[in-house]
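I opened a fresh page to get to know this structure. Come along while I look things up one at a time.

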Amino acid sequence: MTSTSYLDLSDGRSIAYRFTPGAAGHTGPVIVFLPGYMSDMAGSKATALFEMAQASGLACLLFDYSGCGQSPGDFADGSLSRWAQEVLALVAALETDAKIVLVGSSMGGWLMLKAGLALGDRLAGLVGIAAAPDFTEWGIPQMDKALLADGETIFEDNPYGPEPTPTHPGFWADGQASLMLEGPIAIDAPVRLLHGQRDTDVPWEIAMQLAERLRSADVQVTLIKDGDHRLSRDADIRLLLRTVAELVLPLAVTDAQALPES
C-alpha cells in the first residue's frame, strides 16, 4: 500500500487519499473506490482492489470522505453532494486525463451515480456493491423522517460496531434532493451490479430497480444467493476483483489501440 497523501480544497477541507498510477505507459482507466456510509479506504474491498491494481499495473485511487477515516472534519457535515465534490476534486487533481471507473459500495453505490453523471464522457464504467441509491427514502421509517425534517439526528443499532449509526438531518435532506430511482438515469457507460440476496440492509430488488432506471444498454446484475450486505468474504472479494478486471482490462486495451503511433 502506498503512503497516504492529502488534497487540500479551497474551503479548508483536507481529503486523505492513496493513489497508484499504474505501470509505465498505462493508458487505461483509473479505478476509483467509493466507500460506504461511515466506512473508509482501509476496508477489505478497497484494500483488495488497490493490491490487484498494483499487481496488474492498473491505476487506482482510494480516499476517505471528509469526516471519515483519515480525513479530518465533522461527520455530521457530510452529505452526498459534499462527498461528490470531493470525488470530482480528487479526479481533477490526478496527473492524467484518463477515463474513470467508479466502484461504489453501499452508499458509495449511490454516490457513484451522482459523481458519474457529473463526469460525463470521462466515465468509463460503474461497479456497484450492494448499491443503495435513495436509501434516505426507502430505508428510513416515516416517523424518523419526520424527526429528521424537524432537524433531529436519529440513531440506529449498528450491526458492524459498538456505536449506534447516526443519520443527520443535513445528510437526509441532501439525500432526498438527490433521489435517483424516480426516473431515468442518464448514464450510458457499462454498469455491473453485485448484490447479496441475504442483504438485510439493502434489498436486492434495489439492484433490479437501478438496472431498469439506467439508460445504459450494457448493465449486468449478479445476485449472490447466500451473500450478505458487506460481501466481504474471500469468494465475494474474488468476484469483485474479477468483475472489475473484466470491465477495466478491455478498456485499457482499447485505449492503448487508440493511441497515435510514435
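These are my notes, starting with the sheet and ending with a few single residues.

**Entry 1: the sheet**

I note at the outset that this is a predicted model. I began by asking in what order the strands of the sheet lie. I found 8 strands in an open sheet, ordered β1-β2-β4-β3-β5-β6-β9-β10, with mixed pairing. Next I checked the edges, where β1 (5-8) and β10 each have a single partner strand, so one side of each is left without a neighbour in the sheet. I also looked up the twist, which averages 20° from one strand to the next.

**Entry 2: two pairs of strands**

I looked at β5 and β6, which run parallel and are joined by 6 bridges. Here I could pick out valine 101, whose bridge partner in β6 is glycine 125. Helix α3 packs on the sheet, where I see it touching β3, β5, β6 and β9. The direction of α3 makes about 155° with that of β5.

Then I turned to β9 and β10 (residues 219-224), a parallel pair that also has 6 bridges. Leucine 193 stands opposite valine 221 of β10. I followed the chain from β9 through α7 to β10 and noted a right-handed β-α-β crossover.

**Entry 3: the nonpolar cores**

Which residues have the most contacts inside the largest nonpolar core? They are Leu102 and Leu113, in a core of 48 residues. I listed the elements that each supply at least two residues of this core: β3 (30-34), β4 (59-63), α2 (80-93), β5 (100-105), α3 (107-119), β6 (123-129), β9 (191-196) and α7 (205-213). The largest share, 7 residues, comes from α3.

I stayed with leucine 102 for a moment. Leaving aside residues up to four places away in sequence, its contacts include Val32, Val87, Met112, Ala115 and Gly116. Leu119, Leu123, Gly125, Leu126 and Val127 are also touched by leucine 102. I then found a second, separate core of 29 residues, with Ile31, Ala53, Val103 and Leu239 among its members.

**Entry 4: helix α5**

Which residues of α5 are buried? I found Asp144, Lys145 and Leu148. These buried residues cover an arc of only 105° around the axis, which puts them on the same side of α5. On the other side of α5, I noted that Gln142, Met143 and Ala149 are exposed. The buried residues of α5 pack against α4, β7 (154-156), β8 and α6. Glycine 151 follows α5, and I read a positive phi there, near 90°.

Lysine 145 of α5 got a line of its own. Its relative accessible area is 9%, under the 20% cut-off, so lysine 145 counts as buried. Not counting residues up to four places away in sequence, I see lysine 145 touching Thr136, Glu137, Ile140 and Trp172.

**Entry 5: helix α6**

Trp172 led me on to α6 (residues 169-176), where Phe171, Trp172, Asp174 and Gly175 are buried. Looking down the axis of α6, I find its buried residues within an arc of 165°, so they line one face of the helix. These residues pack against α2, α3, α4 (135-138), α5 (142-149) and β8 (165-167).

**Entry 6: positive phi away from glycine**

I kept a reminder here that most residues other than glycine have a negative phi. Serine 106 is not a glycine, yet its phi is positive, about 55°. I located serine 106 in the loop between β5 and α3, and with 14% relative accessibility it counts as buried. Leucine 231 also has a positive phi, near 45°. I found leucine 231 in the loop between β10 and α8 (234-258), where its relative accessibility of 4% makes it buried.

**Entry 7: threonine 243**

My last stop was threonine 243, in helix α8. Is threonine 243 buried or exposed? At 10% relative accessibility, threonine 243 counts as buried. Threonine 243 touches Val127, Arg192 and Leu194, not counting residues up to four places away in sequence. I compared threonine 243 with leucine 194: they are 49 residues apart in sequence, and their C-alpha atoms are 9.0 Å apart in space.

Terms used. Residues are numbered from 1 along each chain as its sequence is written. This is a predicted model: local features need pLDDT of at least 70, side-chain atom pairs count only at pLDDT 80 or more; totals for chains, interfaces and linings use all residues. Side-chain values use heavy atoms; hydrogens and water are left out. A nonpolar core is a set of buried Ala, Val, Leu, Ile, Met, Phe, Trp, Tyr and Cys residues joined through side-chain atoms within 4.5 Å. Buried means under 20% relative accessible area, exposed over 50%, partly exposed in between (1.4 Å probe, protein chains only). Helices (H or I, at least four residues) and strands (E, at least two) are DSSP runs, numbered from the N terminus. Contact means heavy atoms within 4.5 Å. Two strands pair if DSSP finds at least two bridges between them. A crossover is right-handed if, with the strands pointing away from the viewer, the path from the first strand over the helix to the second runs clockwise. The arc is that of the directions from the helix axis to the C-beta atoms. Axes are lines fitted to C-alpha atoms, for helices over the stretch in contact, and angles run from 0 to 180 degrees between N-to-C directions.
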